Amino acid sequence: MRETPIIFQIAGYSNSGKTTLVKKWLERLSEAGIKSATIKHHGHGGKLKAADTGKDSAGHREAGSSGTIVASGEELQFMMNLDRPLTLEELISFYKPFSPDIIIIEGFKKEKYPKLLLLRNMDDLRFAENAFNVKAVVCWNDDMLEAAEKKLNVPVFSIKEDNQYLDWLMSRINKERDI
């Protein structure tokens, strides 16, 4: 069994279905008893909204606290103002004490980790040609399937093939867990 978490990315342009795919995959992982965690890139910049507006932690932030942690026996919420953007490696390190089996990264297109790309149209194929460590592709347009397969030489799925690409993801993760 692995001592470090598997790290896998789901990447694509805005509105390509990343969040929907990640949610479906998280359900499968949970059903299989695989402990997962996620990191989502907020590529639009600006401040994030407090998840608990009106609660004590939001009040702490509104009063000037640069960070808040809310901890119960079973959950932790964390918000912090940053003086600089954190690297993906720094974000991944936050999960170390919690020992997830897998960390799914949504976004961070240019990072080095193994990834599945979501492509909505032929213009997105240029992104795929320059992406690093692509392991599979999901296409929105069936006319793209053959072109993506030829250019990238990886498994290519239609967005309509939920079970096929989710089975592929689960199979890949199960193989890596056994290493």
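## A walk from Lys-24 outward

Start by selecting Lys-24: with a relative accessibility of 27%, this residue counts as partly exposed. Keep in mind as you click around that this is a predicted model.

**Stop 1: the partner of Lys-24.** Now add Asp-162 to the selection. The two side chains meet in a salt bridge, 2.6 Å from N to O. Lys-24 belongs to helix H1 (residues 18–31) and Asp-162 to helix H6 (residues 162–177), so this contact ties together parts that lie 138 residues apart in sequence. Asp-162 is partly exposed too, at a relative accessible area of 23%.

**Stop 2: down helix H1 to the rings.** Stay on H1 and pick Trp-25, then show Phe-8 in strand E1 (residues 6–12); the pair links distant parts of the chain, 17 residues apart. How are the two rings of Phe-8 and Trp-25 set against each other? Their centres are 5.7 Å apart and their planes stand at 85 degrees, so this is an edge-to-face pair. Buried or exposed, these two, Phe-8 and Trp-25? Both are buried.

Next, bring up Phe-157 and Tyr-165. With ring centres 6.5 Å apart and planes at 65 degrees, this pair is edge-to-face as well, because planes over 60 degrees apart count that way. Phe-157 and Tyr-165 are both buried. Add Trp-168 and you have the whole cluster on screen: ring pairs link Phe-8, Trp-25, Phe-157, Tyr-165 and Trp-168. Across the structure there are six aromatic pairs.

**Stop 3: a charge over a ring.** While you have aromatics in mind, jump to Trp-140 and show Arg-120. Arg-120 lies over the face of Trp-140, at 4.0 Å from the ring centre.

**Stop 4: two more salt bridges.** The whole structure has nine salt bridges, and a couple of others deserve a click. Select Glu-129 and Lys-151, whose closest N and O atoms are 2.7 Å apart in a salt bridge. Glu-129 sits in helix H4 (residues 125–130) and Lys-151 in helix H5 (residues 145–152), so here the pair ties together parts 22 residues apart in sequence. Glu-129 is partly exposed, with 43% relative accessible area.

Then go to Asp-142 and Lys-160, joined by a salt bridge at 2.8 Å, N to O. Which parts of the chain does this pair link? Asp-142 is in the loop between strand E7 (134–139) and H5, while Lys-160 is in the loop between strand E8 (156–158) and H6, and the two are 18 residues apart. At 38% relative accessible area, Asp-142 is partly exposed, whereas Lys-160, at 61%, counts as exposed.

**Stop 5: the hairpin and its greasy face.** Last, colour strand E3 (residues 67–71) and strand E4, which pair in the antiparallel sense over five bridges. Four residues make the hairpin connection from E3 to E4. Look across the pairing and you'll find Ile-69 opposite Phe-78 in E4.

Switch to a surface view here. Which residues make up the nonpolar surface patch? Select Ile-69, Leu-76, Phe-78, Met-80, Leu-82, Phe-94 and Phe-98, which together cover about 720 Å². Strand E4 (residues 76–80) gives the largest share of this patch, with three residues. Finish on Met-80, which has its place in strand E4. Met-80 has a relative accessible area of 41%, so this side of E4 leaves you with a partly exposed residue.

Note on methods: Residues numbered from 1 in each chain as written. Predicted model: local features only at pLDDT ≥ 70, side-chain atom pairs only at ≥ 80, totals over all residues. Heavy atoms only, no water. Patch = residues over 30% accessible without salt bridge, like charges linked within 9 Å, V, L, I, M, F, W, Y side chains within 5 Å. Areas by Shrake-Rupley, 256 points an atom, 1.4 Å probe, with all protein chains shown as cover. Salt bridge = Lys/Arg side-chain N within 4 Å of Asp/Glu carboxyl O. Buried < 20%, exposed > 50% of the residue type's maximum accessible area, 1.4 Å probe, protein only. Pairing = 2+ DSSP bridges. Phe/Tyr/Trp six-rings, centres within 6.5 Å; stacked < 30°, edge-to-face > 60°. Lys NZ or Arg CZ within 6 Å of the ring centre and 35° of its normal.
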